[in-house]
Amino acid sequence: MTNRFFQKSLGMIAAFGLFSTADAALFDQGNGLIYDDVLGISWLQNANLAAENSFGVLGIDANGGMQSGTAHEYINAMNAANYLGYNTWRLPTVSPVDGVSFNLNKVNDGSADKGYNISSPNHEMAHLYYSTLGNLGLCEPRADHICDETPGGAWGPHNTGPFQNVREWDYWYGTGNPEIGLETFAFGFNFGSTGTLYFENMLSIIPVLDGGASPVPVPAAVWLFLTGFLGLAALSRRSKS
């Protein structure tokens with residue numbers, strides 16, 4: 001019985017390998033912080049804190065949405081409040097995919113700074129969505145940029161890993177559109193798209209910190225697997241008795 005149990009357990013390890021791989025770059029720091037060891041930043045685990053805590057900032061709707069300017073005010077208020085003991089909060093940022101200059105043509109293969117399937121670490125939220133969490137975009141990454149919808153992709157349930165309250169909605173970046181000053185980059189956790197929107201749109205935010213809060217070298221996916229493993233062990237003991 002014991003051998004069969006561990007054979008089944010090893011099978012489950014293999015079955016959950018994709019999930020563990022997808023979450024391998026995320027480490028639960030405790031205190032509501034998730035460290036991303038590829039980007040070198042700590043994400044706030046609560047992906048919609050503004051719906052619960054306004055820090056006295058006006059202009060935030062009941063869903064935690066706010067205009068781009070209000071998003072910067074919110075970050076300033078978090079820092080003034082020394083939230084979680086830190087005063088260096090910021091919004092996620094975008095820098096050119098090619099490392100030189102922004103390409104604002106909308107493409108589907110991740111080769112420019114707008115569109116789908118952007119997995120470059122220069123786009124922090126897009127990298128989290130595609131590379132770290134292993135989600136798929138609405139459009140397949142075709143070089144001709146025709147949007148053939150990805151089978152089982154963006155319409156399906158998304159992997160949110162260790163994050164809480166992730167909205168199937170757009171989130172503000174802290175980087176403005178270099179061509180149109182009234183637009184700011186945004187990322188959609190509904191379809192995996194990067195675009196620019198006028199500042200008066202009401203979007204959500206995920207604040208981040210540069211660096212890690214504390215060294216806790218255990219990915220959140222490992223905790224999830226260990227919980228399931230212990231549950232299997234308990235079931236095995238019951239069946240023996």
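**Notebook: strands S7 and S3, helix H4**

I began with a single pair of residues, and I noted that Phe 185 stands opposite Thr 196, which lies in S8. The model I am reading is a predicted one, and I keep that in mind for each entry below.

From that pair I moved to the two strands. I looked up how S7 and strand S8 (residues 193-198) are joined, and I found six bridges between them, with the strands running antiparallel. I then followed the chain from one to the other, where S7 and S8 make a hairpin with four residues between them, and I wrote down that Gly 192 in this turn has a positive phi of about 75°.

Next I turned to the other neighbour of S7. Strand S6 (residues 170-176) also runs antiparallel to S7, and four bridges join the two. For one contact in detail, I noted that Tyr 171 has Phe 187 in S7 as its bridge partner. Here too there is a hairpin, and S6 is joined to S7 through six residues.

I then asked how many of the residues of strand S7 are buried. Six of the six, residues 183-188, are buried, so the strand is largely enclosed by the rest of the structure. Checking the two faces, I saw that Glu 183, Phe 185 and Phe 187 point one way from S7, that Thr 184, Ala 186 and Gly 188 point the other way, and that all are buried.

My next entry concerns strand S3 (residues 41-44), where Ile 41 and Trp 43 point one way while Ser 42 and Leu 44 point the other, and all are buried. S3 pairs in the antiparallel sense with strand S2 (residues 33-36) over four bridges, and within this pairing Ile 34 has Trp 43 as its bridge partner in S3. The hairpin of S2 and S3 has four residues between the strands, and Gly 40 takes a positive phi near 70° there. I also looked up strand S9 (residues 208-210), which pairs with S3 in the antiparallel sense over three bridges, and I recorded Val 208 in S9 as the bridge partner of Trp 43.

Last, I went to helix H4 (residues 124-132), of which eight of the nine residues are buried, so this helix is largely enclosed by the rest of the structure. Among the buried residues of H4 I listed Glu 124, Met 125, His 127, Tyr 129 and Tyr 130. Just after H4, I noted that Gly 134 takes a positive phi of about 70°.

Technical notes. Residues numbered from 1 in each chain as written. Predicted model: local features only at pLDDT ≥ 70, side-chain atom pairs only at ≥ 80, totals over all residues. Heavy atoms only, no water. Buried < 20%, exposed > 50% of the residue type's maximum accessible area, 1.4 Å probe, protein only. Pairing = 2+ DSSP bridges.
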